[in-house]
Amino acid sequence: MATANFKFRDKLLATKKLVKAVFYHDEEITDLLLASFASRSHLCLLGARGGGKTHGCEALLATISPELVGVAQGYLSAEMEELFARFNTAKLLQGQEEVITYKLTYARVKFFDEIQRLGPSAMCALFRLLTKGTIIYMGREVGAKPFWVLATANPTETETDMLNISLPEPLWDRFDAVAWVPMPRLKYLMRINGEEEQKKENMPKLWDEEALLGLWSEVESIRVPEVVDRITTIMVRITQFCKEAEGYDGSSLTEAQKRELCSKCNASYICARIARPPSVRAKRSLLRLARGFAYLAGREEVTLEDIKRAWPYVMRKRIRLMEEDEIADKTKALIKLCEDILTEIQEAKEAIKLAEELKNGYDRAKWAALERWVNSKVWLLEVKEELESIWQELHDKLMVKWEEAKRRGDKVTLLKLQAIAERKLPPEMARDFTADVELEVVLTPQNIAKIAKVDGKLFQALKLKMEAGETVAKLRGRAALAWINLGLPVKGGEGE
């Protein structure tokens with residue numbers, strides 16, 4: 001339910017109304033534009049010529065004060081010196097080095113139209129902008145932070161137009177979100193009357209620098225609950241996982257290798273549907289764009305529904321699906337993948353709970369149940385191995401203390417360490433902590449009454465000794481451990 005009282009949300013909703021007045025398209029595309037804008041999720045809209053992607057961007061940009069916006073539009077093979085920075089030729093002829101920096105470099109909002117037409121040096125500059133927020137020209141670093149990049153691209157022309165190039169995968173990975181803008185449906189085409197351009201020119205400027213920075217700050221403050229963060233992490237990791245790959249890293253394999261391995265593995269695994277997995281940047285982008293959707297809805301924290309909504313846009317260029325060339329609607333396929341992954345995680349809640357319980361102490365039945373889960377959901381192998389690493393780390397720490405106690409001849413500490421090992425570690429690890437020592441314990445009615453609660457046989461034996469007038473007893477093995485675990489006094493020990 002939307003309950004947040006954000007200062008700039010009404011202005012964002014007013015922006016949406018203005019954009020919709022001239023951009024006739026599915027509301028989801030408008031919401032994506034607004035959520036990306038609000039969260040500073042760098043966005044690239046894909047589409048064929050005439051589909052309205054540039055028009056939609058311009059409608060949004062028209063609501064922002066012009067001094068905040070830098071535009072690279074209509075350039076063919078434009079290079080660094082045409083878009084970002086160049087030497088002042090007149091000064092250079094006088095022996096002075098002065099760099100002229102163009103507006104696009106330091107603008108808060110940077111719009112690149114048809115980025116597949118950029119020249120190589122400009123493409124490299126865009127890559128750095130998306131990565132670092134600055135460009136470097138002749139050793140000088142310039143830029144503005146925070147900032148937002150909005151772009152369009154027409155992938156349908158890259159093979160037929162010599163002025164277009166195929167964009168590299170690392171560049172796509174720097175965009176937080178990528179979406180396909182389809183041709184407008186008939187009901188939208190019927191509304192076009194030729195007045196849209198004039199309406200754009202007359203748009204009120206809602207966003208000055210103070211409002212823009214305030215908006216971005218509010219959206220960044222939106223909370224991501226721990227459970228949502230954890231589920232998002234698992235979602236991304238499931239898409240990356242391959243049990244046959246080095247480090248379980250599916251990205252280390254070529255698509256051909258992945259297909260071959262998947263053909264021999266369990267086809268029901270989620271990872272078998274992914275030919276190329278996303279990078280770790282996917283999680284950051286999911287949370288960033290999800291904050292934008294949450295803000296648009298008026299919520300102060302991100303929900304899984306926001307993550308689901310962001311998923312197809314964040315993953316469009318980051319994931320290549322098996323048989324992707326045969327998939328007609330990738331957005332729909334990605335939504336289905338997201339739903340199936342969430343179902344997978346929901347089904348594995350018991351396994352994750354088992355792993356958390358096993359961190360607190362080894363249990364043979366729970367360990368066997370976790371191993372069965374791994375057989376049905378292979379990505380849980382990492383959960384199992386993390387648990388084994390935790391146990392190994394505890395084993396090594398206990399061993400340091402164990403060796404120190406042996407050198408000191410500290411029987412009480414040895415027994416305490418044995419008790420911890422038997423409770424926390426698997427039997428094969430716990431065997432390294434077997435203390436063959438004998439303790440002299442102090443017998444009192446209070447002490448043996450406490451023993452009665454944990455070991456009835458030991459209680460009876462000690463009771464008989466005390467009734468016979470004995471005040472000290474010798475204990476070994478589990479009897480000694482039971483005494484130590486209760487913190488009862490030992491003759492010559494700390495608790496006497």
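**Lys377.** I began with Lys377 in this predicted model and asked whether Lys377 is buried or exposed. Its relative accessible area comes to 6%, so I noted Lys377 as buried, the limit for that term being under 20%. I then placed Lys377 in the chain and found this residue in the loop between helix H18 (364-376) and H19. Setting aside the neighbours within four places in sequence, I listed Tyr269, Glu344, Glu347 and Ala348 as the residues in contact with Lys377. For Ala348, which is 29 residues away along the chain, I also noted the separation of the C-alpha atoms from those of Lys377, and this is 7.9 Å.

**Helices H17 and H19.** I next looked up how helix H17 (residues 349-360) packs with helix H19 (residues 381-408), and I wrote down an angle of about 5° with the axes 10 Å apart. Because angles under 35 degrees count as roughly parallel, I entered H17 as roughly parallel to H19. On the H17 side of this packing I found Ala355, Leu358 and Lys359, which meet Val383, Glu386, Leu387, Ile390 and Trp391 of H19.

**The five-stranded sheet.** I traced an open sheet of five strands, whose order I read as S2-S5-S8-S1-S9 with parallel pairing. At the edges I found strand S2 (69-72) and strand S9 (177-180), each of which pairs on one side only. Ignoring direction, I noted that neighbouring strands of this sheet are turned by 15° against each other on average. Helix H3 (residues 53-61) packs on this sheet, where I found H3 touching S1, S2, strand S5 (109-112) and strand S8 (148-153), and the direction of H3 makes about 155° with that of S8. Turning to the pairing of strand S1 (residues 43-46) with S9, I recorded four bridges between these parallel strands, and I identified Val178 in S9 as the bridge partner of Cys44.

**Strand S12.** I compared the two faces of strand S12 (residues 438-442), and found Leu439 and Val441 on the covered face, with Glu438, Glu440 and Val442 on the uncovered one. This fits the general pattern, in which the side chains of a regular strand alternate between the two faces of the sheet. I also followed S12 to strand S13 (residues 472-476), which runs antiparallel to S12 and is joined to S12 by five bridges; in this pairing, Leu439 stands opposite Leu475 of S13.

**Aromatic rings.** How many aromatic pairs does the structure hold? I have eight in my notes. One that I examined is the tilted pair of Phe6 and Tyr295, with 4.5 Å from centre to centre and 35° between the planes. I noted that this pair links distant parts of the chain, since Phe6 is in the segment before helix H1 (9-20) and Tyr295 is in helix H14 (residues 281-297), 289 residues apart. Both rings belong to buried residues, for I found a relative accessible area of 13% for Phe6 and of 0% for Tyr295. I then looked up Trp172 and Phe175, whose ring centres are 6.1 Å apart with the planes at 45°, so I entered this pair as tilted; Trp172 and Phe175 are buried.

**Cluster and charges.** I found Phe37, Trp148 and Trp207 linked into a cluster by ring pairs. Over the ring of Trp207 I located the charged end of Lys11, 5.9 Å from the ring centre. I made a similar entry for Arg40, whose charged end sits over the ring of Trp216, 5.7 Å from its centre.

Key: Residues numbered from 1 in each chain as written. Predicted model: local features only at pLDDT ≥ 70, side-chain atom pairs only at ≥ 80, totals over all residues. Heavy atoms only, no water. Buried < 20%, exposed > 50% of the residue type's maximum accessible area, 1.4 Å probe, protein only. Pairing = 2+ DSSP bridges. Axes fitted to C-alpha atoms, helices over the stretch in contact; angles between N-to-C directions. Contact = heavy atoms within 4.5 Å. Phe/Tyr/Trp six-rings, centres within 6.5 Å; stacked < 30°, edge-to-face > 60°. Lys NZ or Arg CZ within 6 Å of the ring centre and 35° of its normal. Parallel < 35°, antiparallel > 145°, perpendicular 65-115°, else oblique.
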